[in-house]
Structure formats: structure tokens, C-alpha cells
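Reader: I have this model open and would love a close look at its nonpolar core. Could you walk me through that part, and then show me what lies beyond?

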Amino acid sequence: MTEIQRPGALYQQVAAAIREAILSGEFAPDSLLPSEAQLMARYQVSRPTVRNAIAALRAEGLIDVRHGKGSFVRSDGQPTLTIERRISRTSDGRFVMPNGDVWNEAEEPNPYRTHTTKATGRLLELGEEEALFACDRLLIDPGTGTRAMHRTSIPFAVAEDVPLIAEEPCKRPAAFYRLLTEDGHKLWWSETVRARMPLPDERTTLQLPDATPILHLARVTHGTDDRPLMLEELRVGADRAELAYRITADKQPARRARA
């Protein structure tokens with residue numbers, strides 16, 4: 001029996017005590033928490049107090065409630081999927097991405113026309129409400145079942161220069177890279193990554209547990225004169241995936257010898 005003798009609402013005190021038990025290892029990752037009755041007896045509190053404490057810990061991401069099974073301590077293990085963010089090019093001009101061709105499509109790609117927002121316009125160096133061709137995909141990694149949401153956005157002005165883009169706006173990124181290269185562009189890429197809490201539709205689509213952030217990747221393809229040509233966005237649960245990058249040193253211009 002553990003008597004609660006701390007300031008604050010009673011359920012917060014119970015949540016703090018359970019949290020300490022989790023962090024100390026008394027309640028191990030992936031283990032089933034004691035039942036409501038056992039927690040009531042342990043902390044000498046009512047059932048509503050225990051339920052409110054469990055709800056608070058669930059909101060923090062420490063506990064995963066599985067209907068019909070009980071409350072489990074969330075795993076602290078390594079992500080199940082490593083996403084390599086390299087881009088390679090073969091001798092015949094094809095572009096290859098380590099994970100680019102292993103994802104399965106869970107449903108038919110959805111092509112549509114849209115406009116830049118403040119965020120996408122900034123990345124594409126365009127104003128708001130500029131016309132875009134876009135395509136949304138729902139992807140599943142066959143080895144781990146990890147789900148990812150992928151979107152490509154291409155300005156109309158770019159598609160006008162490369163007609164095949166407008167005709168087939170749901171090509172895979174590697175195919176777009178080749179089309180742009182054949183149009184005379186020498187490509188390079190910039191990428192940003194941020195973690196954020198998911199929107200309701202993202203949480204549902206990605207099948208995320210409570211209090212789980214997503215990784216939101218934004219990759220911009222640049223061409224001639226560093227012009228942004230295409231934006232790719234990838235959203236995946238931060239509990240399932242980690243990112244890996246190959247980093248090489250840039251060549252710095254030679255310094256001129258002083259006279």
C-alpha cells in the first residue's frame with residue numbers, strides 16, 4: 001500500500017506515483033499495469049480517481065489503453081523502421097531511393113489541383129494561392145506495417161515546361177526527377193524535418209496511439225538557378241520510424257593567396 005501525501009488534485013498525485021513507478025522500472029515497458037481494483041487498493045483512492053490518473057498518463061503518452069485487455073506501459077524500444085533519405089542515380093540515368101520502391105500503396109493515388117498555402121508557398125518560393133498539381137498517397141511498409149502519408153506538389157509553371165507531369169501527376173518522385181533532368185535541369189535537394197502532434201485525420205489514417213507525434217518531412221527538388229521545382233511531404237508516426245541520412249562534406253572554394 002502506498003499512501004498519497006502530496007499537494008494537488010488527488011488524481012494528479014496518483015498519476016505522479018504511477019509515473020514514478022514506470023520511470024523507475026517497477027512497471028516495465030510493454031507490461032500490463034495493475035487493474036483498477038489493484039491500483040485503488042495500492043493508493044487508497046476511488047475508482048474515478050484511478051481512471052482520471054490513467055487518462056492523464058495516457059495523454060502524456062506513457063500508457064496505451066487496449067480495449068478488452070487493460071492499460072499497458074508504452075514501449076521504449078527502438079523504432080521498427082529506418083527510412084533512408086539518400087538519393088542515388090544509376091549509370092543509365094535512373095534515380096533510386098532506398099525506401100522509395102519498397103512501400104506498398106494502400107489505396108489508389110489521389111491526383112488533384114490545389115493552391116499554395118503560406119507554408120508550401122514559402123518552400124516553393126511562391127506566393128499564396130499559386131496553382132499546383134498535387135497527388136496524395138497512403139503507403140504501407142510491407143515488412144513492419146508502418147503507414148505513411150505522402151504528397152507531391154508541383155507548380156503549374158513547372159508542369160507547363162514538362163507536359164508529361166501534367167498528364168501523369170501521380171508518378172513516383174524518382175520518375176519526376178528523371179523527367180526534370182531530361183528537361184535540362186541539374187537537380188539538388190533540400191529537406192527539413194519537424195515533429196508535431198497529428199491532426200485528427202492524420203492520427204486516424206496513420207493509426208497512431210494516443211499522444212504520439214508524427215515526423216513531417218518536406219523535401220524540395222531544386223533545378224536550374226536553384227529554382228524550386230517540386231515539393232514532397234512525408235508524414236509518419238514518430239513511434240514507428242526513424243530517419244537516416246548520408247552526409248558528405250561540401251567542397252569549399254580555394255582561398256586566394258595574399259599578395
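Author: Happy to, and what follows starts with the core and then turns to two other places. Please keep in mind that this is a predicted model.

The largest nonpolar core has 17 residues, and those with the most contacts inside it are Ile18, Phe27, Leu33, Tyr43 and Ile54. Three helices, α1 (10-23), α2 (36-43) and α3 (47-60), are the elements that each supply two or more residues. Of these, α1 gives the most, with 6 residues. Phe27 is a good place to zoom in: not counting residues up to four places away in sequence, Phe27 touches Ile18, Ala21, Ile22, Leu33, Pro34, Arg42 and Val73. A second core, separate from this one, has 16 residues, including Phe95, Phe133, Val162 and Leu187. In soluble globular proteins, nonpolar side chains tend to be buried together.

For a contrast, go to the surface. There, Val193, Tyr245 and Ile247 form a nonpolar patch with about 330 Å² of accessible area together. Tyr245 sits in the segment after β13 (241-244), and Tyr245 counts as partly exposed because its relative accessibility is 42%.

Finally, try a charged residue. Arg235 belongs to strand β12 (residues 228-237), and Arg235 counts as buried because its relative accessibility is 9%, under the 20% cut-off. Its side chain makes a polar contact with the side chain of Glu202, at 2.9 Å. Leaving aside neighbours within four places in sequence, Arg235 is also in contact with other residues, among them Arg147, Met149, Arg196, Leu206 and His216.

Conventions
Residues numbered from 1 in each chain as written. Predicted model: local features only at pLDDT ≥ 70, side-chain atom pairs only at ≥ 80, totals over all residues. Heavy atoms only, no water. Core = buried A, V, L, I, M, F, W, Y, C linked by side-chain atoms within 4.5 Å. Buried < 20%, exposed > 50% of the residue type's maximum accessible area, 1.4 Å probe, protein only. Helix = DSSP H or I, 4+ residues; strand = E, 2+ residues; numbered from the N terminus. Contact = heavy atoms within 4.5 Å. Patch = residues over 30% accessible without salt bridge, like charges linked within 9 Å, V, L, I, M, F, W, Y side chains within 5 Å. Areas by Shrake-Rupley, 256 points an atom, 1.4 Å probe, with all protein chains shown as cover. Salt bridge = Lys/Arg side-chain N within 4 Å of Asp/Glu carboxyl O. Polar contact = N/O pair within 3.5 Å; in protein donor to acceptor, adjacent residues only side chain to side chain.
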